[in-house]
Amino acid sequence: MTTLADRPDTALLVIDVQNGVVGDAYDRDKVVANIATLVDRARAAGVEVVWVQHSSADLPLESDKWQYVPELVRREHEPLVHKTYADSFEATDLEPVLAERGIGRLVVAGAQTDECIRSTLHGAIVRGYDALLVADAHTTEDLSSFGAPPPEQVIAHTNLYWTYHAAPGRTAGTVATADVEFGVKPTA
């Protein structure tokens, strides 16, 4: 139901599942396994897998911390978008990558829930995309020492509010890994 004309296709957007991002993340192994399942299912369905990779002072380019986790292997033909801001659209080539492939619907997984996942979900919706969050395929680290809630609460809250998020002509929502149906358009 995207508002983007001639963009009927879906992509799995895998955000920042990098060694330095998810190394100490909540429920890391389960989340990474769910993302691997999604990647396999997307590929089997002929759905684009688009990888997003963050760099910063804490994640220097080409460093071990910057690399994707070894459980997830990007295929050479799959797009890789490099970013330096939380929103995967901001100052990147994500929009042209998606436009070139006719993608108007995103299935989102990755890290970190409270920064790059939330920012990208909102960035997608305001740009006209449908954005579906995979509820058990995103994670964050424990930032409670900085005043944040524990990570399981951050994840639960994000899932709660994204389940009910809406915008004119666009759909949002959450789905479990087991229930993701690539290529099936959500109903309003």
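What follows is an exchange about how some labels are earned in this predicted model.

Me: Why is the aromatic pair of Trp51 and Tyr68 called edge-to-face?

Reply: Trp51 and Tyr68 have 85 degrees between their planes and lie 5.1 Å centre to centre; because rings pair if their centres lie within 6.5 Å, and planes over 60 degrees apart count as edge-to-face, the label applies. Trp51 sits in strand β2 (residues 48-54) and Tyr68 in the loop between β2 and β3 (80-83), so that the pair links distant parts of the chain, 17 residues apart.

Me: What makes the pair of Phe89 and Tyr129 tilted?

Reply: The ring centres of Phe89 and Tyr129 are 5.3 Å apart and the planes stand at 40 degrees, which is neither under 30 degrees, as stacked would require, nor over 60, as edge-to-face would require, and therefore the pair counts as tilted. Phe89 belongs to the loop between β3 and α3 (94-100), and Tyr129 to the loop between α4 (113-126) and β5 (130-139), so this pair ties together parts that are 40 residues apart in sequence.

Me: How do you know that Arg28 and Glu71 form a salt bridge?

Reply: The closest N and O atoms of Arg28 and Glu71 are 2.7 Å apart, and because the cut-off for a side-chain nitrogen of Arg and a carboxyl oxygen of Glu is within 4 Å, the pair qualifies. Arg28 lies in helix α2 and Glu71 in the loop between β2 and β3, so the bridge ties together parts that are 43 residues apart in sequence.

Me: Why is Arg28 called buried, and why is Glu71 called partly exposed?

Reply: Arg28 has a relative accessible area of 17%, and because buried means under 20%, Arg28 is placed in that class. Glu71, with a relative accessible area of 41%, falls between 20% and 50% and is therefore partly exposed.

Me: What makes the contact between Arg43 and Glu78 a salt bridge, and how do you know that Glu78 is buried?

Reply: The side chains of Arg43 and Glu78 meet at 2.7 Å, N to O, which is within 4 Å, and so the pair counts as a salt bridge. Glu78 has a relative accessible area of 3%, under the 20% limit, and is therefore buried, whereas Arg43, with a relative accessible area of 22%, is partly exposed.

How values were computed
Residues numbered from 1 in each chain as written. Predicted model: local features only at pLDDT ≥ 70, side-chain atom pairs only at ≥ 80, totals over all residues. Heavy atoms only, no water. Phe/Tyr/Trp six-rings, centres within 6.5 Å; stacked < 30°, edge-to-face > 60°. Helix = DSSP H or I, 4+ residues; strand = E, 2+ residues; numbered from the N terminus. Buried < 20%, exposed > 50% of the residue type's maximum accessible area, 1.4 Å probe, protein only.
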